[in-house]
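Let's look at some structural terms together and ask what earns each label. Have the picture ready as you read.

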Amino acid sequence: MKANPAGVLTGAHFLDGDQACCEGALAAGANFAAGYPITPSTEVVERFAARIPTVGGLFIQMEDELASSIAILGAAWAGKKVFTVTSGPGFSLMMEHIGLAAMTETPCVFVDVQRGGPSTGLPTLPGQADMMQARWGSHGDYETIALCPNSPQECFDLMIDAFNLAEQYRLPVLFMMDECVGHMTEKVVIPPADGIEIFPRRFTSLPPSEYKPFKPGADGVPEMVKAGDGYRFHITGLTHDEQGYPAMNWREQEKLVRRLVEKVRKNTDKIVRYEERDIEDAEVVVVAYGITSRVALRAIQMAREEGIRVGLLRPIVVWPFPEKHIRELSEKVKAFVVVEMNYGQMVYEVERCAAGKARTELVDHGGGTVHEPEDVLKAIREVAR
Amino acid sequence: MSTLPMVEPAINPVEPFLRTDRMPHIWCPGCGIGTTVNCFARALVESKLNLDKVAIVSGIGCTGRVAGYMRLDSFHTTHGRAIPFATGLKLANPELSVVVYSGDGDLIAIGGNHFIHAARRNVDLKIICVNNFIYGMTGGQVAPTTPVGATATTTPYGCFERPFNLPYLAESSGAVYVARWTCFHVRHITRAMVEAFNKKGFSFIEIITPCPTLYLRRNKLGDSLDTMRYYKQKSVIKNGANTKEVEIALGGEIICGKFVDIDRPTLGQSMHMQLSKSLGARYVAPGGR
């Protein structure tokens with residue numbers, strides 16, 4: 001279906017990534033957000049709080065991130081399209097409800113504008129050190145989808161994709177920005193509403209007597225209902241059967257949790273997305289995402305000028321990881337240079353997929369500012385020798 | 001041989017409100033939670049609400065299991081977070097009557113911050129707090145309601161912390177309806193629940209119940225029947241009592257009654273009024289999209 005024009009600010013704008021993220025949510029049809037102030041993410045909800053009463057929907061600032069991350073789940077079960085926004089310390093608090101959303105298959109989007117950590121770290125300065133937390137942060141086994149924009153335009157475009165993926169697979173989608181992307185201002189083009197494709201909520205057409213809240217469809221995803229429609233359904237964070245009733249035994253655990261992970265794993269090829277530059281003849285591939293990919297691009301230009309055959313692989317969907325593609329590349333290239341604003345997170349994935357067939361080098365950075373292109377160039381030169 | 005006359009099987013009038021396919025429930029013999037559920041089902045009958053528009057939200061714990069036994073749209077959430085879940089649900093669909101049914105540990109310890117803020121905002125929620133003075137599900141640990149001197153597994157030499165006086169906490173945080181009853185007072189509980197259903201705003205009902213397995217036994221307070229006698233002898237009904245003066249001490253008197261019944265705009269109403277005033281014709285009410 002097409003986007004509702006009410007929330008779509010069609011035109012060319014000069015926006016920062018946080019504002020563009022908010023516009024993306026509105027264009028996607030978000031009509032409920034809850035949040036708690038935290039730098040450098042607050043501008044997203046400030047804009048939403050100003051815009052949504054004129055579009056139709058609501059924003060509430062809750063008492064903490066635990067509350068905001070579950071208020072959105074309550075609203076989702078009343079039929080709303082929901083999201084919350086935070087940064088590192090708040091993201092840590094939200095882990096509990098990323099787990100609840102995964103377990104109850106509640107469509108929702110969590111935005112994390114990453115800053116330097118651990119703990120309070122660098123509130124106003126960038127980091128990319130929440131990448132593994134996005135994958136593994138909540139306890140237990142589950143799969144999520146995480147996207148990583150590298151420009152305000154992508155903050156808009158990918159936010160729509162984030163909502164669509166959340167609805168399609170009925171899970172929490174994580175939107176992993178960083179302070180640089182959040183606060184950089186660039187041109188953002190917002191298309192007309194009829195140019196925006198929306199994945200509608202998978203509401204059931206079955207009558208209450210036949211409906212089972214967790215009976216999966218052919219693609220492993222169950223159909224949804226909302227409160228107040230006479231279905232008298234039950235939702236729990238406990239392991240549950242297809243009826244939604246608690247089922248405390250290993251058989252139901254196996255059935256449910258395997259389905260939760262497989263609905264992503266079996267669709268990985270459909271979900272993964274990446275951008276490649278100069279990859280055809282490359283013997284060295286730089287892997288970078290978010291703001292770091294833009295620094296890496298400068299280093300690649302410099303290396304090309306020196307005659308080094310180097311290209312860029314930029315995961316746009318970071319989770320699930322483009323495992324198959326890295327495997328294929330590792331058969332062809334000499335080395336991967338992984339550039340990230342942390343002391344080594346996604347590099348482990350690259351190393352795992354390369355499986356010793358191509359050398360994997362990390363160019364790390366503690367955050368607070370972006371890498372120097374020269375540091376990336378040095379690593380490229382080193383592995384190209 | 002004579003044939004016995006056919007007798008219609010007796011049907012418990014609250015049965016249609018329960019998920020009978022989930023019985024037997026998990027509660028111990030003598031536990032007071034079932035009594036409160038019975039009162040709740042009767043309150044649903046008496047209030048004549050459209051049950052398709054009633055949602056129940058619980059947190060974690062023994063009382064946290066109530067949501068799962070009611071034949072309503074029901075949500076068993078995370079520990080302490082039933083109130084913010086219910087806040088999202090209610091704001092997103094104001095047509096729903098949203099009940100939060102949970103225990104003292106869930107609502108007041110881990111969920112204490114959410115409790116005071118929802119009361120402050122006057123979110124239109126009906127909060128039923130089953131207070132058994134202890135953490136039951138995890139095996140009898142001290143709670144923020146455990147009376148001084150009572151023992152728990154984590155205060156084996158007696159509780160030395162002052163407990164919360166829940167009606168006072170609720171009133172001072174902004175609740176518009178505050179009542180306390182023991183599970184000896186089944187008719188009063190039902191009436192309070194019906195009143196809460198008819199009330200707009202943050203309504204709080206504390207129900208004092210026995211936990212025979214983990215509180216009574218450890219504290220040598222006899223069994224649930226002895227506790228019913230205690231409730232009968234030591235509870236004093238004082239409607240309109242000053243909530244500051246309704247603290248509960250170990251073995252002391254239990255002041256019951258309806259303490260607060262006032263009106264002020266709910267969060268939804270205040271939000272609507274403020275946005276209409278500020279935005280005028282530009283305001284698009286939620287749900288209009």
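**Asking what the labels mean**

Q: Which strands does helix 7 of chain B lie across?
A: Helix 7 (residues 186-197) of chain B lies across strand 3, strand 4, strand 7 (177-182), strand 8 (203-208) and strand 10 of chain B. Its angle to strand 7 of chain B is about 160°. Helices (H or I, at least four residues) and strands (E, at least two) are DSSP runs, numbered from the N terminus.

A word on the source: this is a predicted model, where local features need pLDDT of at least 70, side-chain atom pairs count only at pLDDT 80 or more, and totals for chains, interfaces and linings use all residues. Residues are numbered from 1 along each chain as its sequence is written, while chains are lettered from A and ligands numbered from 1 in the order in which they are written.

Q: Why are helix 3 of chain A and helix 3 of chain B called oblique to each other?
A: Helix 3 (residues 65-76) of chain A and helix 3 (residues 82-92) of chain B pack at about 45°, with their axes 6 Å apart. Axes are lines fitted to C-alpha atoms, for helices over the stretch in contact, and angles run from 0 to 180 degrees between N-to-C directions. Angles under 35 degrees count as roughly parallel, over 145 as roughly antiparallel, 65 to 115 as roughly perpendicular and the rest as oblique. The two helices are therefore oblique.

Q: What makes up their contact, by class?
A: There are 12 nonpolar, 3 polar and no charged residues. Ala, Val, Leu, Ile, Met, Phe, Trp, Tyr, Cys and Pro count as nonpolar, Asp, Glu, Lys and Arg as charged, and the others, Gly among them, as polar.

Q: Which strands are the edge strands of the open sheet of 9 strands?
A: They are strand 10 (234-236) of chain A and strand 9 (235-237) of chain B, as each pairs on one side only. Two strands pair if DSSP finds at least two bridges between them. Strand 9 of chain B has 3 bridges to strand 10 (residues 254-261) of chain B, and these two run parallel.

Q: How many residues of domain 1 of chain A are in contact with domain 2 of chain A?
A: On each side, 22 residues take part; contact means C-beta atoms, placed from the backbone, within 7 Å. Domain 1 covers 5-195 and domain 2 covers 275-384, with bounds from an automatic or database domain assignment. Helix 5 of chain A gives the largest share of domain 1's side, 4 residues.

Conventions: Two residues are in contact if their C-beta atoms, placed from the backbone, lie within 7 Å.
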